[in-house]
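Let's look at how the ligand is held, and ask what backs each statement. Have the structure open beside you as we go.

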Amino acid sequence: MTIRLTSFLCGAWHAGAGPERPLTDATTEEVLATCRTGGVDLGAAFAHARGVGGPALRALSFAERGERLQALATAIHAHRDELLDLSTANAGTTRGDSKFDVDGGTATLAAYAELGRGLGDRRFLSDGPGVALGRTARFWGQHIQVPRLGVAVHVNAFNFPAWNMLEKAACALLAGMPVLEKPGTATALVAWRIAQIVVDSGVLPDGAFQFLAGGAGDLLDHLGPQDALAFTGSSATAAQLRAHPAVIRHNVRTNVEADSLNAAVLGPDVAEDSETFKLFVQNVVLDLRQKTGQKCTAVRRVLVPAARAGAAREALLARLGEIVTGDPRRRETTMGPLASAQQLRDVRTGIARLATAARVLAGGPEPIAERGWFVAPTLLEASDPEAEPVHRDEVFGPVATLIPYSGAAAEAAALVARGEGSLVGSLYTNDPAFAEAAVLALAPWHGRLWVGSDRMAEQSLPPGMVLPAMVHGGPGRAGGGEELGGERGLALYLQRVAVQGFKGLVAPAFGARAAETAGA
Ligand code: NAP
């Protein structure tokens, strides 16, 4: 039976009206669900969040909001198996890939619950130490951060329906802002089920969480000066959102997480029989395979010193040959289909574009199954390291290109910079001088840098994994945004204010110690 997804707005579920959009089983192409958002009153939803949800959340301390995040994590985790199955059907993810999304989401909620506990009874944050501003200490300044009075509007991509929704919600709710979530439609089944669990749990105050299943409609028209817009998706959509009249008129605070041509750089010191080389091969292939390459942090460009290009090619091809592509419900499958028909079209077109500038070593754009959104893991090699499509086109699938370079850190950084800004860069080296030179040269183009070496190989989490304690985001093409990073993740939802006045008045009320007990 086809499920009709509903939107949770103003405290009730709405079926919507107008044309329906189908959500498919990525393996069988069967229509699993439909959704439509015509006729829903989003103006009323904004008013409900601003008038009901926001005040209720702001009445709670950080610790109390943190308790609610933990309760949500527990409630969602109790439905884990059901959510993993839905993900496998709708997004075509293997069980491991489904866990990456669903468990990643609950773990991020739990991490922010813990942060809330640490922030204690406060309802605002003191920001740094106070500062003497006058001739004497009498005239004093103190920065504070208070929750914004609007709605946190979250527009998310299709590839992480659980994690994307929960990592953004964790930060907004802990900061004290009500959430209006709009997931990517193609895989919204998992997000919708989570929304049901959140609502049924009764953990959040009325109006603190609303959910829009399907097209955005007039969502952005309602944005106002106290709202925040957090977007994850393509650069093309991000450009439309940024240019929206309401966003411009009200200077709506906007965070964008967009495309990224992440690079892995193998250092010239790394021998083929070293742990670091193994780690490099393992991580590059993981990024191709995991979530069928539909990961914003996946490596798209693989820079190898020309002297090691042969060894890298051979090792990567051998590991790629071990990938078992097929029905993600089967135990032996290690890579499922892409998430949607549109994705399959885009990825096939993208591979064909890359193939104009690079040689296909494995895979290619051809269909590999009669049914389902399948594509082969694809590795290409560029003979010209500066070939434009390789640094310009993000092919959002199991696709990466080998790029031989001289082995000099400055050249690697110059090539990586051609991608115009990335979420994460990974370096593989045991040479401190190369590591330092490369990190400093790459840093301005990245939100995160990951350095692999022999000493951490056994313990490291892969570079594609976004952790709540570390910032996620990147400059330029990557969107220019920043999410997570522990307490930093709350910044989008808080207004920083410099309070200036008599020290005897300002410091006791707003200084660090005062904030621990005072209400906002
Ligand atoms: P997308 O097509 O840009 O869509 C993203 C979201 O925007 C979806 O919810 C979509 O809704 C919505 N949307 C589209 N047009 C809109 C409009 N005019 N107004 C308001 N909302 C609108 O991206 P996608 O295909 O879902 O995701 C793939 C892209 O996301 C890739 O480029 C990938 O790199 C990027 N991504 C980045 C990150 C990161 O953290 N940096 C993470 C994941 C993905 P519908 O689904 O209803 O069309």
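**Around the ligand**

In this predicted model, an oxygen atom of the ligand lies 3.0 Å from an N or O atom in the side chain of Arg 21.

Q: What makes the pair formed by the ligand oxygen and the side chain of Arg 21 a polar contact?
A: A polar contact needs N or O atoms within 3.5 Å. The pair at Arg 21 is 3.0 Å apart, so it counts.

Q: Which polar backbone atoms also pair with the ligand?
A: One belongs to Gly 233, 3.4 Å from a ligand oxygen. Another belongs to Ala 258, 2.9 Å from a ligand nitrogen. Both values are within 3.5 Å, so these pairs are polar contacts too.

Q: How much of the ligand does the protein bury?
A: Taken alone, the ligand exposes 900 Å², and the protein buries 82% of that.

Q: Which pocket does the ligand take up?
A: The ligand takes up the space of the largest pocket. β11 (228–232) and α7 (235–242) are the elements giving two or more residues to the shell, and α7 gives the most, with 3 residues.

Q: Why is the ligand said to lie between two domains?
A: Domain 1 (3–258 + 482–515) and domain 2 (262–468) both give residues to its shell, so the ligand lies between them.

Conventions: Residues are numbered from 1 along each chain as its sequence is written. This is a predicted model: local features need pLDDT of at least 70, side-chain atom pairs count only at pLDDT 80 or more; totals for chains, interfaces and linings use all residues. Side-chain values use heavy atoms; hydrogens and water are left out. A polar contact is a pair of N or O atoms within 3.5 Å; within protein, one must be able to donate a hydrogen and the other to accept it, and residues adjacent in sequence count only if both atoms are side-chain atoms. Accessible areas come from the Shrake-Rupley method with a 1.4 Å probe; for residues, only the protein chains shown count as cover. On a 1 Å grid over the protein atoms alone, a cavity is a set of points where a 1.4 Å probe fits but cannot get out, and a pocket is an open set with protein on both sides within 12 Å along at least five of seven lines; lining residues have an atom within 4 Å of a point. A molecule sits in a cavity or pocket if more than half of its atoms lie within 2 Å of its grid points. Helices (H or I, at least four residues) and strands (E, at least two) are DSSP runs, numbered from the N terminus. Domain bounds come from an automatic or database domain assignment.
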